[in-house]
Amino acid sequence: MCTPDLPDLLNQTIEVVTRVGQLLIDEWERVGGPRGKDDKAVIDVEIERVLHQHLLELFSCDFWGEETGYSLTGHPWCWVVDPNDGTSDFLKGLKGSAISVGLLRDHVPVLGVVYAPVTIEGSTDCIAWAEGVSALIRNGQATKATLTTKALSGEAQVMVSSAAIYKAELNEELCAPSRFVAMPSIAYRLAKVVAGEGVCGISLYPVSAHDVVAGHALLRGAGGVLLDEHGESIRYFTEASMQIVSQRCFGGSESACRTLLSRDWDRIFSAD
């Protein structure tokens with residue numbers, strides 16, 4: 001069985017993902033706004049179809065997609081794709097959704113590309129890593145990234161969902177002493193943490209493999225962890241676990257993640 005050269009495959013994957021990202025930019029700028037409603041956007045299916053074709057041309061193996069289904073044959077490698085993580089926020093007009101492409105080898109994330117074509121900052125942002133690459137690649141530049149020594153502090157940021165702004169005081173309390181940043185896309189939250197902009201990225205809602213595999217790969221490259229609501233490392237062993245990998249997830253430095261997951265996040269849902 002052919003084993004890919006992961007650094008080379010990473011460069012090819014970045015090229016594919018950033019190229020297809022133009023479709024998301026065009027959809028964002030579309031007269032009348034993006035097509036779709038709620039958490040279903042037409043562009044998501046269109047992007048995933050392109051990714052499905054080109055990724056399997058780069059390396060033929062199993063495939064798990066959010067929009068077009070999956071093929072799990074028992075192959076040791078599997079592409080895991082979310083064509084637009086943060087669709088509902090994208091359709092609401094919020095910037096920061098992301099294309100997320102990960103690759104599993106024997107159920108372990110070994111390559112990840114998270115690309116946000118439309119950001120609050122006004123620029124595109126591509127964050128990537130693969131085994132065999134010595135540094136995180138952000139927008140074509142190698143960046144040393146480490147989460148092993150980071151912890152919650154007054155200077156650190158915790159990345160949470162965009163809905164956090166509606167319960168700002170409670171989120172401030174739960175993230176203390178760090179500040180919280182509200183943004184779409186758990187994939188991009190994890191990527192920004194790895195890139196040095198935060199100490200932990202959180203989802204308080206169930207996540208699937210396509211939401212987090214790419215971000216999980218990035219975390220591995222920076223010495224971080226991705227934990228479920230019980231403090232266990234998230235895994236991708238079965239079809240069922242791919243569909244729902246956790247009810248909540250905490251990704252970043254192990255110290256910050258374990259501190260945060262011990263807090264009473266149920267208060268977010270019970271608060272008036």
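**Helix H4 and the two sheets**

User: What covers the buried residues of helix H4?
Analyst: The cover includes strands S11 and S12, helix H8 (254–261) and helix H9 (266–270). This is a predicted model, in which local features need pLDDT of at least 70 and side-chain atom pairs count only at pLDDT 80 or more, while totals for chains, interfaces and linings use all residues. Residues are numbered from 1 along each chain as its sequence is written, and side-chain values use heavy atoms, with hydrogens and water left out.

User: What makes H8 a helix and S11 a strand?
Analyst: Both are DSSP runs numbered from the N terminus: a helix is H or I over at least four residues, a strand E over at least two. H8 spans 254–261 and S11 spans 157–160.

User: Which residues of H4 are called buried?
Analyst: Leu170, Asn171, Leu174 and Cys175 are, so each has under 20% relative accessible area (over 50% is exposed, in between partly exposed; 1.4 Å probe, protein chains only).

User: Why are they said to lie on the same side of H4?
Analyst: Because they cover an arc of only 125° around the axis, taken from the directions from the helix axis to the C-beta atoms.

User: Why are S12 and S14 called edge strands?
Analyst: The open sheet of 5 strands runs S12-S11-S13-S15-S14, with mixed pairing. Strand S12 (179–182) and strand S14 (225–228) each pair on one side only. The twist averages 20° from one strand to the next.

User: What makes S11 and S12 a pair?
Analyst: DSSP must find at least two bridges between two strands; S11 and S12 have 4, in the parallel sense, so they count as paired. Val158 has Phe180 in S12 as its bridge partner.

User: What makes H4 pack on this sheet, and at what angle to S12?
Analyst: H4 (residues 168–175) touches S11 and S12, contact being heavy atoms within 4.5 Å. Its direction makes about 130° with that of S12; angles run from 0 to 180 degrees between N-to-C directions, on axes fitted to C-alpha atoms, for helices over the stretch in contact.

User: What is the strand order of the sheet of 8 strands?
Analyst: That open sheet, also of mixed pairing, has the order S4-S3-S5-S6-S7-S8-S9-S10. Its edge strands, S4 (70–71) and S10 (141–143), each pair on one side only.

User: In which sense do S7 and S8 pair?
Analyst: Strands S7 (residues 108–116) and S8 (residues 125–130) pair in the antiparallel sense over 6 bridges. In S8, Cys126 is the bridge partner of Tyr115.

User: Which strands does helix H2 touch?
Analyst: H2 (residues 42–58) touches S3, S5 and S6, its direction making about 155° with that of S5.
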